[in-house]
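Subject: Structure handover

Hi,

Here is the structure I said I would pass on. Have a look at it first, and then read my notes underneath.

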Amino acid sequence: MQITHRPRRNRSSHSVRDLIAQTRLGVEDLIMPLFFCEGTQVKQPITSMPGQFRYSIDNLVDKCRELEDLGVKAVSLFPVIEEKKKTSRALEAINSEGLNPRGIAAVKEACPDLLVMADVALDPYSSDGHDGFVDAQTGEILNDETLEILAQMALVEAQAGADIIGPSDMMDGRVSVIRKTLDSHGSHNTLIMSYTAKYASSFYGPFREALDSAPKAGDKKTYQMDFRNSQEAIRELKLDEREGADIVMVKPGLSYLDIIQRFSENTELPIAAYNVSGEYAMVKAAAEKGWIDGQEVMLEMLTSFKRAGADIILSYFTEEFARLEL
Ligand code: PBG
């Protein structure tokens with residue numbers, strides 16, 4: 001046989017494969033999302049996300065210390081707001097003594113070097129379960145009326161010690177208003193990681209169970225993006241760059257690797273991918289049934305985000321991956 005080109009030579013041993021591997025995944029690339037709630041000594045399992053819990057602040061702090069010891073550099077915190085505190089005006093979102101800023105401050109006090117990212121959107125605080133204000137008559141999600149409370153929410157988070165603000169609400173113009181508000185209050189060093197291309201996705205189901213934050217009426221399709229589109233993602237990217245985002249995110253991750261790749265060709269900013277709750281749940285469910293090898297699928301999936309062009313991955317697998325690396 002005269003075969004000149006043998007691509008298999010480059011795959012012939014573990015050592016050769018490691019030598020030429022183009023994508024490397026490390027624990028320092030990952031951000032661990034964590035859910036926290038009122039109370040003490042609470043560690044409440046989230047049914048649709050095996051291995052994930054709602055922690056009271058004391059346990060949240062312990063978990064953060066543990067993650068830091070595993071080499072994790074950043075966490076993203078999501079508060080579970082009590083039903084009685086939810087209103088249509090979502091005022092709890094800007095309560096500087098509320099659960100959210102208390103959790104952020106407690107983590108920063110215990111782990112000053114661990115980066116804390118805080119979400120900006122009204123859904124956990126809104127009795128309507130929407131990211132913006134809802135017009136009571138028409139059901140319309142009100143863009144401009146929502147911007148001020150989002151900016152104030154970001155400021156409360158920054159003042160509590162958040163290093164990174166993550167606007168996940170998809171209102172037009174939010175990054176610019178948040179940047180201006182942070183800057184005019186001395187928080188010019190607080191980063192903004194914008195949820196730039198956030199699609200209206202059914203992959204968020206388990207997250208909404210975790211926070212009990214699903215919309216009471218309608219869906220999020222007038223503000224989150226249509227999954228049939230990709231040009232629109234580039235438009236959002238250009239706007240977020242102009243408005244002052246430091247890091248741009250694509251969400252969800254797995255079904256949107258093409259969008260991550262297009263981002264990497266269209267921006268000089270760091271790119272984050274959000275490996276969302278439904279993606280985690282699917283892997284866990286199939287692994288529990290013995291239908292896939294959960295650990296191997298996790299590695300393949302996390303690596304694919306980096307191969308597509310992501311620099312950062314938000315993933316519920318962060319802790320599991322960090323433990324493997326040790
Ligand atoms: C809040 C928010 C959501 C997620 C992150 N921030 C839910 C939503 O927009 O409905 C989803 C994260 C996940 O599914 O893991 N706006």
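Below is what I found, going from one helix to the cavity and then to a few single residues. Keep in mind that this is a predicted model.

**Helix α10**

Let's start with α10, which covers residues 294-308 and so counts 15 residues by the DSSP runs used here. From first C-alpha to last it reaches 21 Å, close to the 21 Å expected at 1.5 Å a residue. Its buried residues are Gly 294, Met 298, Met 301, Leu 302, Ser 304, Phe 305 and Ala 308. Looking down the axis of α10, you'll see these buried residues fall within an arc of 150°, so they line one face of the helix. Turned away from that buried side is a face with the exposed residues Glu 300 and Arg 307.

What covers the buried residues of α10? The cover includes three helices, α8 (257-266), α9 (277-288) and α11 (318-325), along with the strands β11 (271-275) and β12 (312-315).

Both ends of α10 are worth a click. At the N-terminal end, Asp 293 acts as a cap, with a side-chain oxygen 3.2 Å from the backbone nitrogen of Gln 295. After the other end comes Gly 309, which has a positive phi, near 130°.

**The cavity**

How many cavities of 30 Å³ or more does the structure hold? There is one, and the volume of this largest cavity is about 190 Å³. Its lining is made by 23 residues, and those nearest its centre are Asp 119, Asp 123, Lys 198, Phe 207 and Lys 251. Elements that give two or more residues to the lining are β4 (74-79), β9 (191-198) and α6 (205-211).

Lys 251 turns up again in the backbone: a cis peptide bond joins it to Pro 252, with omega at about -10°. Pro 252 itself sits in the loop between β10 (247-251) and α8.

**Gln 224 and Met 170**

Lys 198, one of the residues nearest the cavity centre, is also a contact of Gln 224. You'll find Gln 224 in the loop between α6 and α7 (231-243). Is Gln 224 buried or exposed? Its relative accessibility is 3%, so it counts as buried. Leaving aside neighbours within four places in sequence, Gln 224 also touches Asp 131, Met 170, Tyr 199, Ala 200, Ser 201, Tyr 204 and Arg 208.

From that list, pick out Met 170, in the loop between β8 (164-167) and α5 (174-184). Its phi is positive, near 65°, in a residue other than glycine. Met 170 is buried, with a relative accessible area of 5%.

**Gln 41**

Gln 41 has a positive phi too, about 55°, although it is not a glycine. This residue lies in the loop between β1 (30-37) and β2 (43-45). Whereas Met 170 is buried, Gln 41 is exposed, with a relative accessible area of 61%.

**Leu 142**

One last stop is strand β7 (residues 141-142), where Leu 142 is placed. At 13% relative accessibility, Leu 142 counts as buried, because the cut-off for that is under 20%. Leaving aside neighbours within four places in sequence, its contacts are Phe 133, Val 134, Asp 135 and Met 171. If you want a long distance to check, Leu 142 and Ala 74 are 32 Å apart, C-alpha to C-alpha, and 68 residues apart in sequence.

Cheers

Terms used
Residues are numbered from 1 along each chain as its sequence is written. This is a predicted model: local features need pLDDT of at least 70, side-chain atom pairs count only at pLDDT 80 or more; totals for chains, interfaces and linings use all residues. Side-chain values use heavy atoms; hydrogens and water are left out. Helices (H or I, at least four residues) and strands (E, at least two) are DSSP runs, numbered from the N terminus. The expected span of a helix is 1.5 Å times one less than its number of residues. Buried means under 20% relative accessible area, exposed over 50%, partly exposed in between (1.4 Å probe, protein chains only). The arc is that of the directions from the helix axis to the C-beta atoms. Contact means heavy atoms within 4.5 Å. A polar contact is a pair of N or O atoms within 3.5 Å; within protein, one must be able to donate a hydrogen and the other to accept it, and residues adjacent in sequence count only if both atoms are side-chain atoms. On a 1 Å grid over the protein atoms alone, a cavity is a set of points where a 1.4 Å probe fits but cannot get out, and a pocket is an open set with protein on both sides within 12 Å along at least five of seven lines; lining residues have an atom within 4 Å of a point. Grid points are joined across faces, edges and corners, and a volume is the space filled by probe spheres set on the points.
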